Amino acid sequence: MEDGTVQVLEPTVSNSGIPQGTLISRQRIPFPPPRNEDFYDILDFNIGKEVELYGRVYKITNCDKFTRLFLNRLGIHVPDPITMPPDPYTVQREKMSEGMAPKKPNKFIDKLGQFLDFDRKVLRFYGYWDDRESAHGMLHNLEIHYFLADDTIEIKENIPPNSGRDSGFMFLQRCKLPKMFKELPTPGYDDQYTVLNVLSTGFLKGRYLVDALNCGQQPVKYYKDCDLAIGAAINVFNRKIVITDCDPFTKEYYSKKYGLDDFAPHERPKIEEEIVVKKPPLPPYNGYGTYEDSAANCRNVIPVPPHRDFKKFLSKDRQGLDGYILRFKAEMISKNPANKDRLFIISYYLCDDTISVFENARHNTGFIGGEFIKRTKIEKPGQDIYTSEPPKCYTQDDFYVGNILNLHGFEFLLVEADEYALRYMEINCTEFPKSNIILIINKIREALKPIYKQFVCEYLQTDPEQVGIICYTKVSKVLKEIMGDNITHHELITLARHYNARCIKEKYTKESLRSVVHMELKRFLFNQMERLHESFLLHDPERRGYVSRNTAYAICRGAKLPIDKDLLNAVLDKICKNEAGDLDYKDLLGFLDLKQTPPPPTEPINTQHAFSFLASAPDNRIGPVDFQAFLKDLDLEKHVVEESG
């Protein structure tokens, strides 16, 4: 249509003896003389017309749908298709070909689609084979696997331990399972082709033909997914296997494909005598090495190292800035007055339940400080360790503020926890009941029910200047007097953090913190601002102006910024953030730039100590308690009204 060219093609007919294909290549075709100056156009072609192209006349019998619609839109009527006259020779060849069977018929069955749809999808059934009627027979527990990719079946036998038989036995290797079995089949009984020995003098010079009629071949029926069901019995080479149950994937498959909803397990035959094998107890622990190491050596002839809990290790090991370490500040309980002023940091590692104790050195105390107890599992005191049972060790349930731990004969009182430990226990409150605010409120509600009115009127009187705000010290004192040992100091801290009435006053503002940082940068002659800027641009190819906190921390440490880790974290807390929590690195570069609006000078301080965990005052994060919100969650006003009524 774009250039008025015409192309003539002849469809290829098999065994025609005529070279077919392109008869006239695409070109503009002129009319026959005397109109050879004009060329054929679309208006010259229609059903029923005869056109002469280079001396050969063609009669148009039909057209496609697009051509018919196109001519109709131009206002040209297109007649109905014309039947082409049949070729007698072609009709005779077709009749002959219908009566001739091919010597090698194509019987290939394409199962690629089934393989792609159901690869790695297996139906799992559970069943049994009752062979107790035969000599030395028994009840075999079987597991039937049906592979949807190729309709094959394998059966595995579950052998109980110490049964006198080898484990890992395959009852039936993966194959297609026939429904009927009479005898051992001959080779090629299920092949698609039957070979006829026409002329053969041996294996080297012989002629073989394929039997197109498959004379004598018997079709073999195999088990399909529709034949397997709970309660059904299948014939596995003349062995009756009864299916009793299936797994959830199989139930979902049959529910979607066949609409089944009843998957009640089938009853299994009862076993009269069931041998219960008990594990022999280990010999008592002799005190050499660890208990786990001694137990592993007793279970194996060749000494092997004890196994550790890798799942717990992988989930609770350090991941970026999340260390999974609970740190507590502790005091030693001792009759010696010199030990009362000693300060300890107890770290509990969640990945392997180990404990380490570090002593913070103080001036003029006579104690050096440093590592007090190396990282190891510590057993609880007061238990007999020379037994076959493993000793009980300290776990995460024993670590909360106010608890007393006896570590290798030294008693420690946990007086405070760092912010990470408190926040981690509050987030995972299901594992730490002392940080579960719902359990704490329920416990306080049950204790205050009899004296709720007296508790509100006498004990907790709010200040006239701050209505509804109570000092934390007063709240903890009153609740301790009422509940006694039923409430711990850690639960009171969780209660105060949940109902905190005001924000904690920051020790350093952004401007004062900038003065401290610039003092450190000047002291170490830091002049790598351009390199720091290039590093941020490298990690921000889209030029959004924001990077994650972990990326900013890594870039600053990689640029060898001469400030302490705790001070760097305090700086990153002051930087502007977007809604996703990413840091504005332009604000960070302006914060660190010495040339841009230098801050006022400040007194030099020990940044390594001032911003560390040890420098924080006790309970500096606990503010006053919102009394009104606390009473609202207690919801005991209805109880008081019912009693007065």
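Student: Which residue of β16 stands opposite Glu 359?

Tutor: Gly 370 does. Keep in mind that this is a predicted model, where local features need pLDDT of at least 70, side-chain atom pairs count only at pLDDT 80 or more, and totals for chains, interfaces and linings use all residues. Residues are numbered from 1 along each chain as its sequence is written, and side-chain values use heavy atoms, with hydrogens and water left out.

Student: What makes β15 and β16 a pair?

Tutor: Two strands pair if DSSP finds at least two bridges between them. β15 and β16 are joined by four bridges and run antiparallel. By that definition, therefore, they pair. The names come from DSSP runs numbered from the N terminus: helices are H or I with at least four residues, strands E with at least two.

Student: And what joins β14 to β15?

Tutor: Seven bridges, again with antiparallel strands. Phe 344 faces Glu 359 in β15 there. The two strands make a hairpin with four residues between them, and Asp 353 has a positive phi near 60°.

Student: Why is β15 said to be largely enclosed?

Tutor: Buried means under 20% relative accessible area, exposed means over 50%, and partly exposed is in between (1.4 Å probe, protein chains only). Five of the seven residues in β15 (residues 354-360) are buried, so the rest of the structure largely encloses this strand.

Student: What is the strand order in the sheet that holds β15?

Tutor: This open sheet of six strands runs β16-β15-β14-β13-β18-β17, with antiparallel pairing.

Student: Why are β16 and β17 called edge strands?

Tutor: β16 (370-376) and β17 (404-407) each have a single partner strand, so one side of each has no neighbour in the sheet. From one strand to the next, the twist averages 30°.

Student: How many bridges hold β13 and β14 together?

Tutor: Seven, in the antiparallel sense, between residues 325-333 and residues 343-349. Arg 327 has Ser 347 as its bridge partner in β14.

Student: Which helix lies across β13 and β18?

Tutor: Helix α7 (residues 419-427), which runs at about 120° to β13. For such angles, axes are lines fitted to C-alpha atoms, for helices over the stretch in contact, and angles run from 0 to 180 degrees between N-to-C directions.

Student: What links β17 to β18?

Tutor: Four bridges, with the strands antiparallel. One facing pair has Leu 407 opposite Phe 410 in β18. The hairpin has two residues between the strands, and His 408 in the turn has a positive phi of about 55°.

Student: Which side chains of β17 are buried?

Tutor: Leu 405 and Leu 407, which point to one face; Ile 404 and Asn 406 point to the other and are not buried. In a regular strand, side chains alternate between the two faces of the sheet.

Student: How do you know that the length of α8 agrees with what a helix should span?

Tutor: The expected span is 1.5 Å times one less than the number of residues. For the twelve residues of α8 (residues 437-448) that gives 16 Å, and the end C-alpha atoms are 16 Å apart, so the two agree.

Student: What makes the buried residues of α8 line one face?

Tutor: Ile 437, Ile 440, Ile 441, Ile 444, Arg 445 and Leu 448 are buried. Viewed down the axis, they fall within an arc of 135°, so they line one face of the helix. That arc is taken over the directions from the helix axis to the C-beta atoms. On the face turned away from the buried side sit the exposed residues Ile 438 and Glu 446.

Student: Why does Gln 319 count as partly exposed?

Tutor: Its relative accessibility is 43%, which puts Gln 319 in the in-between class. Gln 319 is in the loop between α6 (310-316) and β13. Beyond neighbours within four places in sequence, Gln 319 is in contact (heavy atoms within 4.5 Å) with Leu 314 and Tyr 324.

Student: Why is Thr 597 called exposed?

Tutor: Its relative accessible area is 57%, over the 50% cut-off, so the label fits. Thr 597 lies in the loop between α16 (585-592) and α17 (607-610).

Student: Which elements have the lowest and highest mean pLDDT?

Tutor: pLDDT is the predictor's confidence in each residue, from 0 to 100. Helix α19 (residues 637-644) has the lowest mean, 65, and strand β5 (residues 122-130) the highest, 95. The protein averages 85, and 90% of the residues score at least 70.
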